[in-house]
Amino acid sequence: MTVTEAMQTTVDYHERTKHQPHAYARSLGYLDWATQPDPFRRFQGAPMLPLAHPPDSDAPAYDDLFVGSRPAQPVGYQTISQLLFDALALSAWKEVAPGNRWSLRVNPSSGDLHPTEGYLIIGPTEGLSVSGAVYHYAPYEHALEQRRALTASEWEAIASQLPPNGFLIGLTSIYWRESWKYGERAFRYCHHDVGHAIGTVTFATAVLGWRAAILDGPSSESLAVLLGCHQQRGIEAEHADCLLLIAPRATPATASLELPEALLSRLQQAPVAGHANRLSHDHHEWPIIDRVAAATSYSGRSDGPPMPMVTPRIGDSSLPHREVSARRLIHQRRSAVAMDGQAWIEERTFYRILGRVTPEVSPFPYDALPWRPRLSLALMVHRVRGLDPGLYLLVRHPSHLAALRSSLATGFLWRKPVNCPESLPLYILAEGDAQRAAEVISCHQAIAADGVFSLGMLAEFSRSLEEGAWMYPRLFWEAGLIGQVLYLEAEAANIRATGIGCFFDDVMHELLGITDRSWQSLYHFTLGGAVDDPRLKTLDPYFHKNMPR
Ligand SMILES: Cc1cc2nc3c(=O)[nH]c(=O)nc-3n(C[C@H](O)[C@H](O)[C@H](O)COP(=O)(O)O)c2cc1C
C-alpha cells in the first residue's frame, strides 16, 4: 500500500465509522451470544509460571506518583508480580445471580471485552527464568506463560540497547473481541483500550519507582516476531501495537530500539511455545478493520538519531497532598453505570483534575508518549461550584491554541475563568446549560448530562495523519492515556468516571463549529457522583484461584 493509499484508507475508515444520529456505524445490531469471544487468551502447552499476589499497601500515596521522587525497587519476581497485578490483572467479579458473573480488570475496556494482551520481555531474573524470555501475561490466573526462551546472545542484542535493569512490556490487540459487539467502529475502541493499558502500566511502574516509555523503532511486523504472534492468522490473530521500555525512573536512556535483522530471522524460525486457544467457534467478518489495520501498521523508524528518553520532570506539587494509597485507587477504579445528577465538585478540585491532564503542568504520565501532545479537551461543565455552567476548552499544548482558534466557530468568548490558576490554559467558550447537548452528543446516554462535567477529546487530526497513517491509532492511545488519568483522578476526588466511546462525532464538531478534519473528537468522558446498581454483588478478583476454569 502506498503512503497515499494508506492515508486515504484511514480517512475513509474514520469517516465511515462515525456514529450519526440517523445511522450508527455498521455493526451486527444485536449481540450474537453464541459467538461471544473468550476474554482470556491462553497458549495451551506453554509452561506457566504463577505470579505472587501482592497485599494491599498504603504507600506510595497517589499524589506522590506525580512528583516522581520514589526510590526504584529492585527488579525481581515480587516486583514483576506486583507490576502486572497493578497494571493488567483482574480487579473484581460482578455477579447478578449465582453463576452469572463477569470479571473486571485494572485496565478498563470498552464493553468489558478486553482486546488487549500483555507481554513481558525480560533478561535472566531470579524467580522467573535463568535466561532471557518472552512471556504472555494471563490475567485470569495472574501468571506468565513462557512463549520464548532467549539465548544469552539474543537477549544481549536487546539488552545492550536498554539501560541497566531495563526490560520491556509489549501490547497487542485482538480486534475480533470488540468487533463481535461493535462491528466496524471496534478498531477505534481497541486502540482506546491500548491507551488505557499504556496508562495502567505507566502508573504501576511509577508505584515501583520505575518509569515507562513507548519505544520507537521496531515495525509492527518485527514486534509481532519478537512477541511470537507473527504466525497467528485469521480474525482471532493478535496485532502487535507497542513496546514499552521499563527502567528505573532516574535512568538517562534513549527511547529507541532496533531489532537486528539476524535476531529477527532467528526468532522468525524458532518455535514458539503453546497454541493460541480458540476464542469463538464462529465469526462475523469486518473486512474494513483488516484494511485500516494494514494501512496504519508501523513500518519502523529508520531516519534520524534515536529519540532521547524524556528526562523525568517534577510535577506540580503546590496542591494539598492527599494520603490516599495509589494502589488502592488503581484496584478500586470502576466505571460509573449511572450518575446521580446531584453531586457537585469544588472549583479547586476541578482545576486539580485538569492540571493532571495538562502535560505542561503534570508531565507524568504523558512523558511515556514519544510525541508532542496532540489532544485538547472540550468540556461541558454542569456542576462545578463557583464556575458558570457552559462550554470550556482546555488547551493541552501551547501549539494547539492558534490552530484551535482558527478552526473553532468565531464568536466564542475565549475568556479565562476568574479563579483559574495561571498555569492552566482553560478558556470559557460559551456560558449556558450544556447538559442536554452532552447527553445527545453521547448517543443519548444520560451519564454525560448527570455528571459534574463531561468532555470530548479533540485530536489535531489532519496534521498528525500527514506524518503517516500509523499516527491514527496513536491518537487513540493518547486519548486512552488521558482517560486513564481521568478515571484515577475521579477516584481520588471521591467521584467516579466513565469512558464514552459512543458519541455522534459530527454533532460534537458542529457544536464547536469545526467544519473540516483539522480537529476531530476521538473519545468522550464523564465524571460525577455514581449510582451503584444494588442488584450486583462484588466478588474478590481471585476468589476462583483454586477452582478449575
Ligand atoms: C474505550 C471505552 C469506551 C467506553 N464507552 C462507554 C460508553 O459509551 N458508555 C458506557 O456506559 N460505558 C462505556 N465504557 C465503560 C466500559 O463499559 C467499562 O470500562 C467496562 O464495562 C469495564 O468496567 P470497568 O471500567 O468498571 O472496569 C467505555 C470504556 C472504554 C475503555
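**Exercise 1. Place strand 9 in its sheet and state its burial.**

Step 1. Five bridges connect strand 9 with strand 10 (residues 239-248), and the two run antiparallel. Strands here are DSSP E runs of at least two residues, helices are H or I runs of at least four, and both are numbered from the N terminus. Two strands pair if DSSP finds at least two bridges between them. The model is predicted: local features need pLDDT of at least 70 and side-chain atom pairs count only at pLDDT 80 or more, while totals for chains, interfaces and linings use all residues. Residue numbers start from 1 along each chain as its sequence is written.

Step 2. Within this pairing, Arg 211 is opposite Ala 247 in strand 10.

Step 3. Apply the burial count: a residue is buried if 20 or more other C-beta atoms lie within 10 Å of its own, exposed if 12 or fewer, and partly exposed in between, with C-beta atoms placed from the backbone. Five of the five residues of strand 9 (residues 210-214) are buried, so the strand is largely enclosed by the rest of the structure.

Step 4. Sort by face. In a regular strand, side chains alternate between the two faces of the sheet. In strand 9, Trp 210, Ala 212 and Ile 214 lie on one side, Arg 211 and Ala 213 on the other, and all are buried.

**Exercise 2. Repeat the analysis for strand 13, which has two pairings to describe.**

Step 1. Strand 13 pairs with strand 17 (residues 453-460) through seven bridges in the antiparallel sense. Val 381 has Phe 453 of strand 17 as its bridge partner.

Step 2. Strand 13 is also joined to strand 15 (residues 390-394) by five bridges, again antiparallel. Here Ala 378 stands opposite Leu 393 of strand 15.

Step 3. Seven of the seven residues of strand 13 are buried, and the strand is mostly covered. One side carries Leu 375, Leu 377, Leu 379 and Val 381, the other Ser 376, Ala 378 and Met 380, and all of these are buried.

**Exercise 3. Which strands stand at the edges of the open sheet 4-3-20?**

Step 1. The sheet is made of three strands in the order 4-3-20, with antiparallel pairing.

Step 2. Strand 4 (100-105) and strand 20 (537-539) are at the edges, each with a single partner strand, so one side of each has no neighbour in the sheet.

Step 3. The twist averages 30° from one strand to the next. Axes for such angles are lines fitted to C-alpha atoms, for helices over the stretch in contact, and angles run from 0 to 180 degrees between N-to-C directions.

Step 4. Strand 3 (residues 90-97) and strand 4 are antiparallel and joined by six bridges; Lys 94 has Trp 102 of strand 4 as its bridge partner.

**Exercise 4. Describe the two domains and the domain 1 side of their contact.**

Step 1. The domain assignment gives domain 1 (34-92 + 109-271) and domain 2 (333-528); such bounds come from an automatic or database assignment. Their centres, taken over C-alpha atoms, are 29 Å apart.

Step 2. The contact involves 24 residues from domain 1 and 22 residues from domain 2, where contact means C-beta atoms, placed from the backbone, within 7 Å.

Step 3. On the domain 1 side, helix 5 and strand 9 are the elements that give two or more residues. Helix 5 supplies the largest share, 14 residues.

Step 4. By class, this side has 12 nonpolar, nine polar and three charged residues. Ala, Val, Leu, Ile, Met, Phe, Trp, Tyr, Cys and Pro count as nonpolar, Asp, Glu, Lys and Arg as charged, and the others, Gly among them, as polar.

**Exercise 5. Characterise the shell around the ligand.**

Step 1. The shell has 19 residues, of which Ser 110, His 192, Ser 335, Gly 499 and Gly 501 come nearest. A residue is near a molecule or strand if its C-beta atom, placed from the backbone, lies within 6 Å of it.

Step 2. Helix 5 (186-207) and strand 18 (496-500) are the elements giving two or more residues to the shell. Helix 5 gives the most, four residues.

Step 3. The shell contains six nonpolar, 10 polar and three charged residues. Domain 1 and domain 2 each provide at least three of the shell residues.

**Exercise 6. Locate the unusual backbone geometries.**

Step 1. Ala 59 and Pro 60 are joined by a cis peptide bond with omega about -5°. Pro 60 is in the loop between strand 2 (48-50) and helix 2 (77-87).

Step 2. Phe 364 and Pro 365 also have a cis peptide bond, with omega about 0°.

Step 3. Asn 165, not a glycine, has a positive phi of about 65°. Asn 165 is partly exposed, with 17 other C-beta atoms within 10 Å.

Methods:
Two residues are in contact if their C-beta atoms, placed from the backbone, lie within 7 Å.
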